[in-house]
Amino acid sequence: MADLLSDAEISDRLPEEWTREGDEIVRVFEFDGYLDASGFLSAAAGLAEDAWHHPEMTIRWGEVEVRLTTHDAGGITENDIDLAERLNGIHD
């Protein structure tokens, strides 16, 4: 099981555009339409599966909200930060 990050570690390492909401880190990725958002969601699902770390993702017209937490650790770990950075890389 991954170790929880401290509040200071989370603040220092939180990737650009992500915010902390309790025991999760959250970002809303914006797109020009539903199909672009769907394509991102599909790519994000592939990255998540490769990392064996499965976020909650919600798709709406022109956006995908991603919430990351490590359930078995009870909060935010290195796994969450790493996947957030990888997700930023496929969007930005």
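These legends accompany close-up views of a predicted model.

**View 1. Helix H2 and its buried face.**
Let us begin with H2, which runs over residues 34–51. With 18 residues at 1.5 Å a residue, H2 should span 26 Å, and its end C-alpha atoms are 25 Å apart, which agrees. Look for Ala 37, Phe 40, Ala 44, Leu 47 and Ala 48, the buried residues of this helix. Seen down the axis of H2, the buried residues fall within an arc of 100°, so they line one face of the helix. Strand S2 (24–30), strand S3 (56–60), S4 and H3 are the elements against which the buried residues of H2 pack. On the face turned away from the buried side you will find Leu 35 and Asp 50, which are exposed.

**View 2. Trp 52, just after H2.**
Follow the chain just past H2 and you reach Trp 52, in the loop between H2 and S3. Its phi is positive, at about 50°, although Trp 52 is not a glycine. Is Trp 52 buried or exposed? Its relative accessibility is 65%, and a residue counts as exposed over 50%, so Trp 52 is exposed.

**View 3. The largest pocket.**
Trp 52 appears again here, now as part of a pocket lining. The largest pocket holds about 160 Å³ of space. Its lining is made up of 11 residues, and those closest to the centre of the pocket are Trp 52, His 53, Thr 70, Asp 72 and Asn 79. By type, the lining divides into 4 nonpolar residues, 6 polar and 1 charged.

**View 4. Helix H3 and the elements that cover it.**
Next comes H3, whose 14 residues should span 20 Å at 1.5 Å a residue; the end C-alpha atoms are 20 Å apart, so the two values agree. Which residues of H3 are buried? They are Asp 80, Ile 81, Leu 83, Ala 84, Leu 87 and Asn 88. These residues cover an arc of only 170° around the axis, which puts them on the same side of H3. H1, S2, H2 and S4 are among the elements that cover the buried residues of H3.

**View 5. Thr 77, in the loop before H3.**
Thr 77 sits in the loop between strand S4 (63–68) and helix H3 (78–91). With a relative accessibility of 0%, Thr 77 counts as buried, because buried means under 20%. Beyond its neighbours within four places in sequence, Thr 77 is in contact with Ala 2, Asp 3, Leu 4, Leu 5 and Thr 70. Thr 70 should look familiar from the pocket view, where it is one of the residues closest to the centre.

**View 6. Asp 23, between S1 and S2.**
Asp 23 belongs to the loop between S1 and S2. Its relative accessible area is 46%, so Asp 23 is partly exposed. Setting aside neighbours within four places in sequence, Asp 23 is in contact with Leu 68, Thr 69, Gly 74, Gly 75 and Ile 76. How far is Asp 23 from His 53? Their C-alpha atoms are separated by 15 Å, and the two residues are 30 residues apart along the chain.

**View 7. Glu 17, in the loop between H1 and S1.**
The final view shows Glu 17, which lies in the loop between helix H1 (7–13) and strand S1 (19–21). Glu 17 is a residue other than glycine, yet its phi is positive, near 80°.

Note on methods: Residues numbered from 1 in each chain as written. Predicted model: local features only at pLDDT ≥ 70, side-chain atom pairs only at ≥ 80, totals over all residues. Heavy atoms only, no water. Helix = DSSP H or I, 4+ residues; strand = E, 2+ residues; numbered from the N terminus. Buried < 20%, exposed > 50% of the residue type's maximum accessible area, 1.4 Å probe, protein only. Contact = heavy atoms within 4.5 Å. Expected span 1.5 Å × (residues − 1). Arc of directions from axis to C-beta. 1 Å grid on protein atoms, 1.4 Å probe; cavity = no way out; pocket = protein on both sides within 12 Å on 5 of 7 lines; lining within 4 Å. Points joined across faces, edges and corners; volume = space filled by probe spheres on them. Nonpolar A, V, L, I, M, F, W, Y, C, P; charged D, E, K, R; others polar.
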